[in-house]
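Biologist: Could you take me through one part of this protein slowly, as you would for someone in their first year? I'd like to see how a single helix is built and what holds on to it.

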Amino acid sequence: MNEWMNNPAMKNIDPIKLELIQMAASQTAGKSGRDLAPIMMALVTNANKKGISFSGDEMSLILEIMKDGKSKDEQAQIDRTINMVSSFMKKK
């Protein structure tokens, strides 16, 4: 599950962002797609409170981390959930 930590893209991420990503990754372990929305919202909210925003590439990497080890159905559920969260965040 933690192979994502060896991803070369992780080396270029700000240490504060990396800490938030690691926290979210540990919270997603064993969770289904539907349960990931609150974790994702918390990640973005915590980052915003600290004046941090994630780039599109960083968000894609986070999503890949969350999908790691999940079935195809769960990965599809994660995608649907993320699309819903993204729509909600754009409305704010």
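**A close look at helix H1**

Modeller: Happy to! Helix H1 is made of 14 residues, and the distance from its first C-alpha to its last is 20 Å, close to the 20 Å expected at 1.5 Å a residue. Please keep in mind that this is a predicted model.

Let's begin where the helix begins. At the start of H1, Asp14 points a side-chain oxygen towards the backbone nitrogen of Ile16, coming within 2.7 Å of that atom. At the other end, just after H1, you will find Gly30, which has a positive phi of about 80°.

Now look at the sides of the helix. Lys17, Leu20, Ile21, Ala24, Ala25 and Thr28 are the buried residues of H1. If you look down the axis of H1, these buried residues fall within an arc of 140°, so they line one face of the helix. Turn to the other side of H1 and you meet Pro15, Glu19 and Ser26, which are exposed.

One name in the buried group deserves a second look: Lys17. Its relative accessibility is 14%, and because buried means under 20%, Lys17 counts as buried. What does the side chain of Lys17 meet in a salt bridge? The partner is the side chain of Glu58, with 2.9 Å from N to O. Glu58 lies in helix H3 (residues 56–67) and Lys17 in helix H1 (residues 15–28), so the pair ties together parts that are 41 residues apart in sequence. Glu58 counts as buried too, at 13% relative accessibility. The count for the model comes to 1 salt bridge, so this pair is worth finding on your screen, given that a salt bridge puts a side-chain nitrogen of Lys or Arg within 4 Å of a carboxyl oxygen of Asp or Glu.

Let's follow that link across to H3. The end C-alpha atoms of H3 are 17 Å apart, which agrees with the 16 Å that its 12 residues should span at 1.5 Å a residue. Besides Glu58, the buried residues of H3 include Met59, Leu61, Ile62, Leu63, Ile65, Met66 and Lys67. Just after H3 comes Gly69, where phi is positive, at about 80°.

For a last stop, move on to helix H4 (residues 72–91), where Gln77 has its place. Gln77 is buried, with a relative accessible area of 17%. The side chain of Gln77 is joined to that of Arg80 by a polar contact of 3.0 Å.

Note on methods: Residues are numbered from 1 along each chain as its sequence is written. This is a predicted model: local features need pLDDT of at least 70, side-chain atom pairs count only at pLDDT 80 or more; totals for chains, interfaces and linings use all residues. Side-chain values use heavy atoms; hydrogens and water are left out. Helices (H or I, at least four residues) and strands (E, at least two) are DSSP runs, numbered from the N terminus. Buried means under 20% relative accessible area, exposed over 50%, partly exposed in between (1.4 Å probe, protein chains only). The expected span of a helix is 1.5 Å times one less than its number of residues. The arc is that of the directions from the helix axis to the C-beta atoms. A polar contact is a pair of N or O atoms within 3.5 Å; within protein, one must be able to donate a hydrogen and the other to accept it, and residues adjacent in sequence count only if both atoms are side-chain atoms.
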